[in-house]
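Dear colleague,

Please find below the structure that I promised to pass on to you. A short account of the findings follows it.

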Amino acid sequence: RMFSGTFKKQMIRAACASTTAVGLSLGVAGPAMAAPAVVVKSSAQEYPVGSKVDDAGSITLRSGDSVTVLTKKGTRTMKGPGTFQVGAQPKSNRARFANLTRTRAASRTATGAVRSAAVETIARPMSPNLYYVDVAKSGTMCLYNLEQVRLWRPFNEGIVTYTVSDPASETSVDVTFDDGESVAPLDPALMALSEGKAYTIAGPEGSDPATITFANLGQQIRNPSDLATALVDKGCMDQVALMGERL
């Protein structure tokens, strides 16, 4: 009898632990914070690209405003005027996301667009892959592996050489695109990239060099909203914008 009180307390703790374990296994452990949705395309000043909104919440847009968000379940585009639930009726983007984030071997690829002499102005193509390094855009670039870097040029006509330089060590390496090719690998044996360092990419004479800082994403992220969140946190905003256009 003298141990009955202690025994009862132990039984209660065991029962509570068992109930919690069952709840966790069923996904009903209790209230959880709603997952953030990430704004990847926007014409609304209140919701700039890269901002995070509550997946379970709502946003109010004025006439002419348009906002696209990535949620856990897909893409959601809202056009004002009106008030919209962020996570309602998302559009699945699995196929497009898989194609955009496909990791390819660091080999030359004949993709891109060719300028037409008959057309004076042609829209600049978007990169077909989230992890291609645009030779003409400055900013922070997020990658999984800094030893598998592919440079990308939007137009693929002509043989063109770009020079990647490390201003800190004053070393550089040339990367040549053959005619008809839009993607070319950077040989890690010739230049090893480091996270957080700024590198320049200089193209043909007369073009402005791009300055790029690389960031490592770590383990592969397979969910679009999780990836967008990671890109925002590391400052890779051009990639966030590309997700908004491609997805």
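The term pLDDT denotes the predictor's confidence in each residue, on a scale from 0 to 100. The model is predicted, and the average pLDDT of the protein is 84, with 78% of the residues scoring at least 70. Confidence is highest in β8, at 98, and lowest in helix α1 (residues 4–26), where the mean is 44. Over residues 14–33 the pLDDT falls below 50, and this stretch has three contacts in the model beyond near neighbours in sequence.

As to the overall architecture, the protein contains 14 strands and four helices. It has 247 residues, of which 38% count as buried. Of the contacts between residues at least 6 apart in sequence, 55% join residues at least 24 apart.

Two places deserve your attention. The first is helix α4, which spans residues 237–246 and has Q239, V240, L242, M243 and G244 buried. These buried residues pack against two helices, α2 (94–100) and α3 (224–234), and against the strands β1 (36–42), β4 (66–71) and β8 (139–143).

The second is R153, in the loop between β9 (149–152) and β10 (160–166). Which side chain of opposite charge is nearest to R153? That side chain is D179, 5.4 Å away; R153 is buried yet has no salt bridge, because a salt bridge requires a side-chain nitrogen of Lys or Arg within 4 Å of a carboxyl oxygen of Asp or Glu. A polar atom of the R153 side chain does, however, lie 3.3 Å from the backbone oxygen of F155. Leaving aside neighbours within four places in sequence, R153 is in contact with several residues, including V135, Y162, F177 and D179.

Yours sincerely

How values were computed:
Residues numbered from 1 in each chain as written. Predicted model: local features only at pLDDT ≥ 70, side-chain atom pairs only at ≥ 80, totals over all residues. Heavy atoms only, no water. Buried < 20%, exposed > 50% of the residue type's maximum accessible area, 1.4 Å probe, protein only. Contact = heavy atoms within 4.5 Å. Lys, Arg positive; Asp, Glu negative; His and termini not counted. Polar contact = N/O pair within 3.5 Å; in protein donor to acceptor, adjacent residues only side chain to side chain.
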